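Q: I am new to this structure and would like a close look at a single part of it. Please take the place where two helices are described as a pair, and relate it to the rest of the chain.

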Amino acid sequence: MYYIILPQAFRHVVPTLLSQIITTVKDSSFLANVATIELMARVRKIMSTAGMYNGTGTINVSDVFVLYGTAAVIYFVIDFSLSLLVRHIQKKRGTI
């Protein structure tokens, strides 16, 4: 069982599990499941205090684009790197 069946099952299950992780990251914040502060909650908190730090007392449009753009880039990097990993494993396995 340990030497024949489980290695074969593991090779077939890993790409599916990684695809599920990608879906989880896309649909919700994966970091919230690990009990750390969610990225978008952190961005909202920074946005609420942005007026104190930019000197105008208001939130500029550029602040919104920079903060949410940075969050989008972070999510993209996480999802893209996971999808590259899944593609690599599937290519190595011989199924695409």
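A: What follows starts with the whole chain, turns to one helix pair, and ends with a few residues. The model is a predicted one. The protein chain holds four helices and zero strands, and read from the N terminus its elements follow the order α-α-α-α. Of its 96 residues, 20% are buried.

The part to look at is the pair formed by helix 3 and helix 4. Helix 3 covers residues 39-53 and helix 4 covers residues 61-93. Two packed helices are described by the angle between their axes and by the distance between those axes. Here the angle is about 165° and the axes lie 10 Å apart. An angle over 145 degrees counts as roughly antiparallel, so helix 3 and helix 4 are roughly antiparallel to each other. The crossing of the two helices is right-handed.

Each helix of the pair contains a residue that can be followed further. In helix 3, this is Gly-51. Its relative accessibility is 14%; since buried means under 20%, Gly-51 counts as buried. From Gly-51 to Asp-63 there are 12 residues in sequence, and the C-alpha to C-alpha separation in space is 9.5 Å.

In helix 4, the residue is Asp-79. Asp-79 has a relative accessible area of 14% and is buried, because that value falls under the 20% limit. Its C-alpha atom is 9.8 Å from that of Thr-24, although the two residues are 55 apart along the chain.

For contrast, consider the start of the chain. Ile-4 belongs to the segment before helix 1, which spans 5-27. Its relative accessible area is 57%; exposed means over 50%, so Ile-4 is exposed. Together with Met-1, Tyr-2, Tyr-3, Ile-5 and Leu-6, Ile-4 makes a nonpolar surface patch of about 810 Å².

Terms used
Residues are numbered from 1 along each chain as its sequence is written. This is a predicted model: local features need pLDDT of at least 70, side-chain atom pairs count only at pLDDT 80 or more; totals for chains, interfaces and linings use all residues. Side-chain values use heavy atoms; hydrogens and water are left out. Patches are made of residues with over 30% relative accessible area and no salt bridge: like charges are joined within 9 Å, nonpolar side chains (Val, Leu, Ile, Met, Phe, Trp, Tyr) within 5 Å. Accessible areas come from the Shrake-Rupley method with a 1.4 Å probe; for residues, only the protein chains shown count as cover. A salt bridge is a side-chain nitrogen of Lys or Arg within 4 Å of a carboxyl oxygen of Asp or Glu. Buried means under 20% relative accessible area, exposed over 50%, partly exposed in between (1.4 Å probe, protein chains only). Axes are lines fitted to C-alpha atoms, for helices over the stretch in contact, and angles run from 0 to 180 degrees between N-to-C directions. Angles under 35 degrees count as roughly parallel, over 145 as roughly antiparallel, 65 to 115 as roughly perpendicular and the rest as oblique. A crossing is left-handed if the near helix is turned anticlockwise from the far one by less than a right angle, and right-handed if clockwise.
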